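Visitor: I'd like a close look at just one part of this one: the place where the ligand sits. Could you walk me through it?

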Amino acid sequence: MGDPKISSEVEGLDVIVVGAGLAGLYTLHKLREKGLRALALEAGKDIGGTWFWNRYPGARCDVESLEYSYSFSPELEQEWCWPHRFAAQPDILRYINHVADRLELRPFIRTSTRVVSAVFDKATDRWSVTTDKGEVLQSPFCIMATGNLSLPRVPDFPGLESFKGRWYHTGLWPEEGVDFSGRRVGVIGTGSSGIQMIPVVAEQARHLTVFQRTANFSVPSVNRPLTPEADRRHKEKYRTWRDEAKRTPFGIAGHPPPTKSALDEAPDERDRNYERKWATGGNISFLYAYNDLLVNKESNETASEFVRKKIRSIVRDPKVAALLCPNDHPIGTKRLCLDDGYFETYNRPNVTLVDVRSDPIVEITPKGLRTGTREFELDDIAFATGFDAMTGALLDIDILVKNGARLADKWAHGPRTYLGLMTAGIPNLFMITGPGSPGVKTNMIASIEQHVDWIADCLHYLRDRQIRYIDADESAQDKWVTHVNDVGDSTLYPLANSWYVGANIPGKPRVFMPYVAGLDKYRAICDEVAADDYRGFSLKST
Ligand code: N01
């Protein structure tokens, strides 16, 4: 490839944005609005991020469409019509493309361009960003809009290369789709992706074998078409809904905070309440049945057991039902899945559930897959095995300061950030919804908008004062990390072996990464920090 060349084509950039999903696109728009010259580099051959890559059958968002959309533009929100209560992946991708066109962002995006390294030079206060094509782009600031669930992970099973059939990962699904008609399909994994995909694949495949390591909680989505009347009613009060969303921990309106403990309710009434929530659909509705489901084990057990009873009532074979009943984590401490007929699928004659906890997968063979005790013949394998979440995509890029710190070393024992926005010792590089921020525990778009607005205001502040350098202070970062951990430890979340703690990646340090005090509280802290001249950050003029 020869020596990397500093690109002269894109000179005078203020900011390089890595990623052109929902975060990258809004970043581009916001920065350009502020008069900053920004360019986004996107690994995918088109924009969309998560919604570009995750095209598996049944992929859909678990936040309601009218909430899971940008709030910054009243025009956008009025002109767009969502067909369903919970939007399907193709509709979300269509929306993203519409936004990019509407805001005329495409000229500022380079697709099919993967960033491989980013090096900051303190002598010039500039980042040099190298792409997979060997090109080097420079700018004083870098914004990582790389997503939290964007580095798909295929487990290290021996023999995959020998497999004669087709195999896929949910997070790298082929654009042209996959026809499973008449085929023997194996799905490995029963997280949100597997649980969404399994009912759809079961309808197509000749036979579907689900390889489950850990049973997972799921509640019905109760998805439905959005009627023009519902759309009109919501849009009439869109501003009010958005304002309400800003005052909530999840960035989602329409769910008044519960005031009662599950233990203060009589068991019959409690079951009636859970029954109402089950019939309403949605994971927030269910977890907001009581105010202590995520902090009190005994309260949580009432909700967990309600769902187990549901599973036993839906699944006809008691042995299969028992296998599907989660028993190793409190409900909600892993992302609570939303499904459309997931448990019902196990009543189909063409679906088999295999417990790979008691009988683990040992290898992929040319004909299929072998567990400790038997071989399964498969035509296709779909890995719904998740992602190296939150830190994976960032650490996949070699981020370092010339003659100085490297992000991978700084995070060797788990990610450390100040406000989830910056890491001390890595100046002028911001993260959108990074570890230590509430992002993944909220409506992602609401968090993205909050982060981007804050960063854009910060860059504006720096420019006004001719400040070229910003870095988080170690002491502010230490305090923030302690606070994030304390808040996490006051909840039940760390009890689950989830991607929130990195448990799905062998060897990954076990650290509970999201900030779970709520987006409302986090927003107030970030605003306070900014109002206090970016307390906890060191700013230097030249
Ligand atoms: O991934 P996951 P995902 N052998 O990590 C299993 C978002 N999302 O892609 O639990 C056998 O949750 C693993 O088993 P275990 C959402 O935030 C949102 O489903 O580790 N099995 C687990 O069952 C979600 O949380 C939406 O024991 C293995 C599964 O694979 C996040 O993305 C839709 C294994 C991985 O589950 C990730 O969801 C989809 C092995 N070696 C995703 N390794 C919506 O908005 C892993 N597994 C609805």
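Visitor: Let's start small: how far is an oxygen atom of the ligand from a polar backbone atom of D62?

Guide: That separation is 3.1 Å, which falls inside the cut-off for a polar contact (a pair of N or O atoms within 3.5 Å). Keep in mind that this is a predicted model, where local features need pLDDT of at least 70, side-chain atom pairs need 80 or more, and totals for chains, interfaces and linings use all residues. Numbering runs from 1 along each chain as its sequence is written, and side-chain values use heavy atoms, with hydrogens and water left out.

D62 has company. The backbone of S192 also offers a polar atom, 3.0 Å from an oxygen atom of the ligand. At G191, a backbone N or O atom lies 3.5 Å from a ligand oxygen. As for burial, the ligand taken alone would expose 910 Å² (Shrake-Rupley, 1.4 Å probe), and the protein buries 88% of that.

Now widen the view to the whole shell, meaning residues with a heavy atom within 4 Å of the ligand. There are 25 residues around the ligand, and those that come nearest are T190, S193, R213, T214 and W499. Sorted by class, the shell has 9 nonpolar, 9 polar (Gly goes here) and 7 charged (Asp, Glu, Lys, Arg) residues. Among the secondary-structure elements, helix α5, residues 192-204, gives the most to this shell, with 3 residues. Helices here are DSSP runs of H or I, at least four residues, and strands are runs of E, at least two. S192, whose backbone we just met, falls within the span of α5.

For some wider context, turn to the strands, which pair if DSSP finds at least two bridges between them. An open sheet is built from 5 strands in the order β4-β3-β2-β8-β20, with parallel pairing. Its edges are β4 (109-110) and β20 (429-431), each of which pairs on one side only. Strand β8, residues 141-144, runs parallel to β20 and is joined to it by 3 bridges. If you want a spot to click on, I143 has F430 of β20 as its bridge partner.

Elsewhere you'll find the antiparallel sense: β15 (residues 361-364) and β16 (residues 368-371) pair that way over 3 bridges. These two strands form a hairpin with 3 residues between them, and I361 stands opposite T371 in β16.

To come back to your ligand: D62, at 3.1 Å, and S192, at 3.0 Å, are good backbone contacts to bring up on screen.

Notes: A polar contact is a pair of N or O atoms within 3.5 Å; within protein, one must be able to donate a hydrogen and the other to accept it, and residues adjacent in sequence count only if both atoms are side-chain atoms.
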